[in-house]
Structure formats: C-alpha cells, structure tokens
Amino acid sequence: MKILLLGAPGAGKGTQASQIAVKYNIPHISTGDIFRKNIKEGTPIGLKAKGYIDKGQLVPDEVTCEMVADRLAQADCANGYLLDGFPRNLFQAEQLAKISTLDTVINIDVDLSALEARITGRRVCPKCGESYHVTTKTDDKCDKCGETLIQRDDDKPATVQSRLEVYKAQTEPLIAYYSEKGILKTVDGMQSIADVFGDIVKVLG
Ligand code: AP5
C-alpha cells in the first residue's frame, strides 16, 4: 500500500498519518519531520534546510528528492509507505513517479480560513513528534512520552502566511495532477479528527 497524504499546512496530515501508519503497518515518512530531526542534530541537510523552513519556503528540490529516494530505498518501505509532505510541487511528483508508483492519494480538504488557527495553536512534542492543539490539550506534557510540548518555529504567525502562499502556488496543483491519474480521493478535513480518520479508512478499505 503506497499512500500519499496531500493537504495544506495544518490540514491534519501528521495527525492522521500517525493513526494510518499504525492501522496499516506501514512507515510514516514525513519530510518535515526528517528535516526537523536533521536540524536538531545539526547535520549538513539540517543546516541547508533551516533557512528555508524558517522563512516558510520549500527546501530546494535536489536536497528533498535525494533524501526521499534514500528513505524509500530502505527495507521497511518494501511493502508500502505513507508519504506526508512529499511531493510538494510538480517537479517532485515527477521525480517520485520515476522511482515508485503510488496506489492512492488522499487529499485532506480544509477551508483555508481554518488553517491559521490550527497552525498557530499547534503544540508538538520535541521528543516523539506527537502533535496537539491548545484548544484540546489542557497541560503542556506529551501524553505519549511526558516531554514538555513546544511551538514549532515555523508555526509563528509571520511564517504561517508564507507557508500558505507556497501551498497555493506550488502544492495545490498536485490535486489536479493526481486527479487526472485517477488515484485522488478527497476527504472532508473540517470534521472531527476521528471522523476524518473514519473516512480515510473507508477510502483505503
Ligand atoms: P511539514 O512539517 O510537512 O509541514 P506542513 O505541510 O506545513 O504541514 P503541517 O505539519 O503544518 O500540518 P499537518 O497537515 O501535518 O497538520 P497537523 O496534523 O499537525 O513541512 C514543514 C516545512 O518543511 C515546509 O514549510 C518546508 O519548508 C519543508 N518541507 C517539507 N517537505 C518539503 C518538500 N517536500 N519540499 C520542500 N520543502 C519541504 O494538524 C495541525 C493542527 O490542527 C494540530 O494542532 C492538530 O491537533 C489540529 N488538527 C488536526 N486535525 C484536526 C481536525 N480534524 N479538527 C481540528 N483540529 C485538527
């Protein structure tokens, strides 16, 4: 099962991906998470990516595509994977098509007006990556590992606007691209987290 989750920043890709990966026993590959791990560890990829991420821009394709190709070549992807955040433009989609064939693309559709509040209210665990929202999380400790939650640097309002503009210009065209290939399914991301997951499971079977 080779799945791609599409959606604007804050649409709920990461939230749904962690549940999908468990249910279908496939690795969750989030390019955003991989970049953040590299930044934390101070690797060459992290040093290259940080300036772009802090400005809400895409990391250059040559860095991102090579990183994903290396990840998909690992043994745990042999029976499938769940991509989250890649591809993010048409060039990346073409590069992916050269090395792998997706079965299903799930587009989580959320009103753009809801995204800013979702993103600026998000708190994440710096240790295990779990994501929460201030409206439903009453304390600042991760439920999974107990670490103190933080706000992502690129979730501050100044960067969020730039991320949404990049999404509209570069990533949204992928909806038409995968629709033409006949593998796109859209779910209503304005529902509760549980109901969005229920719809995704219906799509995937
Ligand atoms: P990345 O980490 O991929 O960020 P993103 O795509 O902007 O997505 P987010 O993580 O912001 O949102 P999400 O859809 O996962 O939402 P979440 O589930 O957390 O990328 C970060 C940066 O890395 C990019 O800007 C770029 O610079 C770089 N990068 C990454 N991939 C790249 C690529 N391929 N090429 C080049 N550069 C790349 O949910 C958000 C909040 O809403 C949470 O608080 C959650 O609790 C809440 N929520 C979720 N679902 C619901 C719901 N149904 N109802 C109410 N609240 C909800």
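How are H2 and H3 oriented relative to each other, roughly parallel or roughly perpendicular? The legends below take that up in the second view, and every view comes from a predicted model.

**View 1. Helix H3 and its buried face.** Helix H3 covers residues 44-55, and its buried residues are Gly46, Ala49 and Ile53. Look down the axis of H3 and these buried residues fall within an arc of 75°, so they line one face of the helix. Turn to the other side of H3 and you meet exposed residues: Pro44, Leu47, Lys48 and Lys55. What sits over the buried residues of H3? The cover includes helix H2 (31-41) and helix H7 (157-171). Just after H3 comes Gly56, with a positive phi near 80°.

**View 2. Where H2 meets H3.** Here's the pair from the opening question. The axes of H2 and H3 are 8 Å apart, and the two helices pack at an angle of about 115°. H2 and H3 are therefore roughly perpendicular to each other, and their crossing is left-handed. On the H2 side, the residues to look for are Phe35, Asn38 and Ile39, which meet Ile45, Gly46, Ala49, Lys50 and Ile53 of H3. Sorted by class, that contact is made up of five nonpolar, two polar and one charged residues. You've already seen Gly46, Ala49 and Ile53 in the first view, as the buried residues of H3.

**View 3. Helix H7 beside helix H8.** Helix H8 takes in residues 173-180, and its axis comes within 6 Å of the axis of H7, with the two crossing at roughly 35°. H7 brings Tyr167, Lys168, Ala169, Gln170 and Thr171 to the meeting, while H8 brings Pro173, Leu174 and Ile175. That makes five nonpolar, two polar and one charged residues in the contact of H7 with H8.

**View 4. Arg163, tucked away in H7.** Stay with helix H7, which is also home to Arg163. Is this arginine buried or exposed? Arg163 has a relative accessibility of 11%, and since under 20% means buried, it counts as buried. Setting aside neighbours within four places in sequence, the residues in contact with Arg163 are Pro9, Gly56, Ile119, Arg122, Arg152, Asp154 and Asp155. Gly56 may ring a bell: it's the residue that follows H3. Leu58 is worth finding here too: 105 residues separate Arg163 and Leu58 along the chain, yet their C-alpha atoms are separated by 8.5 Å.

**View 5. Gln92 in helix H5.** Gln92 belongs to helix H5, which runs over residues 90-99. With a relative accessible area of 2%, Gln92 is buried. Which residues does it touch? Leaving out neighbours within four places in sequence, Gln92 is in contact with Asp61, Thr64, Cys65, Phe86 and Pro87.

**View 6. Arg123 on strand E5.** The last stop is a strand: E5, residues 122-124, which holds Arg123. This residue counts as partly exposed, at 26% relative accessibility. If you skip residues up to four places away in sequence, Arg123 touches Glu130, Ser131, Tyr132, Val134, Leu149, Ile150 and Gln151. For a sense of distance, pick out Ala169, one of the H7 residues that meet H8. Arg123 and Ala169 lie 46 residues apart in sequence, and 27 Å separates them in space, C-alpha to C-alpha.

Definitions and conventions
Residues numbered from 1 in each chain as written. Predicted model: local features only at pLDDT ≥ 70, side-chain atom pairs only at ≥ 80, totals over all residues. Heavy atoms only, no water. Buried < 20%, exposed > 50% of the residue type's maximum accessible area, 1.4 Å probe, protein only. Helix = DSSP H or I, 4+ residues; strand = E, 2+ residues; numbered from the N terminus. Arc of directions from axis to C-beta. Contact = heavy atoms within 4.5 Å. Axes fitted to C-alpha atoms, helices over the stretch in contact; angles between N-to-C directions. Parallel < 35°, antiparallel > 145°, perpendicular 65-115°, else oblique. Left-handed = near helix turned anticlockwise from the far one by under 90°. Nonpolar A, V, L, I, M, F, W, Y, C, P; charged D, E, K, R; others polar.
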